Structures are given as C-alpha cells and as structure tokens.
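This briefing sets out the strand arrangement and selected local features of one protein chain. It is intended to be read alongside the sequence and the coordinates.

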Amino acid sequence: MPNTNCLAGMACPKCGSEGPFSITCTSTVTVYDDGTDEFFGAEWEPDSPCECKECDHASDVCEFTIND
C-alpha cells in the first residue's frame, strides 16, 4: 500500500520498501544543559541523506522519490 502521509511518494530504489527510512532532517528542539525537551517538526530537502532501514541502501531523498 503506497505511503499517504509523511513518506508519500517515496520508496527505496533498490528494494522497493516504502519505509521506514532514516533521513537527516532539520528540526527545532528546545535544548537544556541536561538534555532536550520539546520537538517541533522535521524538514528535509531533496539532497538530504536517506537510508532504507529494510536493505541499508543509502543515497539522498531525491533518489527515494518516486517519479510518476
């Protein structure tokens, strides 16, 4: 079943898995000396590093984007 939320339009180009993926993201986190607290969203770009957790294929998000 194709992804319909955060990973919509994405699949591993090697094994076809629709996730999960490890994606290097930019986010806003409240950080204190003893750790973190609140986490606000995550954003990534087409050139952000991405790794398939199913087969360990690694590239950038652009390669994981399905082109119709």
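The points below are grouped by topic, from the strands to individual residues.

The structure is a predicted model. Three of its strands form an open sheet in the order E1-E4-E5, with antiparallel pairing. Strands E2 and E3 also pair in the antiparallel sense.

**The three-stranded sheet**

- Strand E1 (21-23) and strand E5 (58-60) stand at the edges of the sheet; each has a single partner strand, so one side of each is left without a neighbour in the sheet.
- On average, and with direction ignored, neighbouring strands of this sheet are turned by 25° against each other.
- Three bridges connect strand E4 (residues 49-52) with E5 in the antiparallel sense.
- Within this pairing, Cys 50 has Ser 59 of E5 as its bridge partner.

**Asp 60 in the edge strand**

- Asp 60 belongs to strand E5.
- Its relative accessibility is 27%, and because this value falls between the limits of 20% for buried and 50% for exposed, Asp 60 counts as partly exposed.
- Leaving aside neighbours within four places in sequence, Asp 60 is in contact with Pro 46, Asp 47, Ser 48, Pro 49 and Cys 50.
- Asp 60 and Glu 45 are 15 residues apart along the chain, and their C-alpha atoms are separated by 8.9 Å.

**The E2-E3 hairpin and its surface patch**

- Strand E2 (residues 26-32) pairs with strand E3 (residues 35-43) over five bridges, in the antiparallel sense.
- A hairpin of two residues joins E2 to E3.
- Val 31 stands opposite Thr 36, which lies in E3.
- Val 29, Val 31 and Phe 39 make a nonpolar surface patch of about 290 Å².
- Of these patch residues, Val 29 lies in strand E2 and is partly exposed, with a relative accessible area of 33%.
- In a regular strand, side chains alternate between the two faces of the sheet.

**Backbone features to note**

- Most residues other than glycine have a negative phi, and most peptide bonds are trans.
- The peptide bond from Gly 19 to Pro 20 is cis, with omega near 10°.
- Pro 20 is located in the segment before E1.
- Asp 56 has a positive phi, near 70°, although this residue is not glycine.
- Asp 56 is found in the loop between E4 and E5.
- With a relative accessibility of 53%, Asp 56 counts as exposed, because the cut-off for that class is over 50%.

How values were computed
Residues numbered from 1 in each chain as written. Predicted model: local features only at pLDDT ≥ 70, side-chain atom pairs only at ≥ 80, totals over all residues. Heavy atoms only, no water. Pairing = 2+ DSSP bridges. Helix = DSSP H or I, 4+ residues; strand = E, 2+ residues; numbered from the N terminus. Axes fitted to C-alpha atoms, helices over the stretch in contact; angles between N-to-C directions. Buried < 20%, exposed > 50% of the residue type's maximum accessible area, 1.4 Å probe, protein only. Contact = heavy atoms within 4.5 Å. Patch = residues over 30% accessible without salt bridge, like charges linked within 9 Å, V, L, I, M, F, W, Y side chains within 5 Å. Areas by Shrake-Rupley, 256 points an atom, 1.4 Å probe, with all protein chains shown as cover. Salt bridge = Lys/Arg side-chain N within 4 Å of Asp/Glu carboxyl O.
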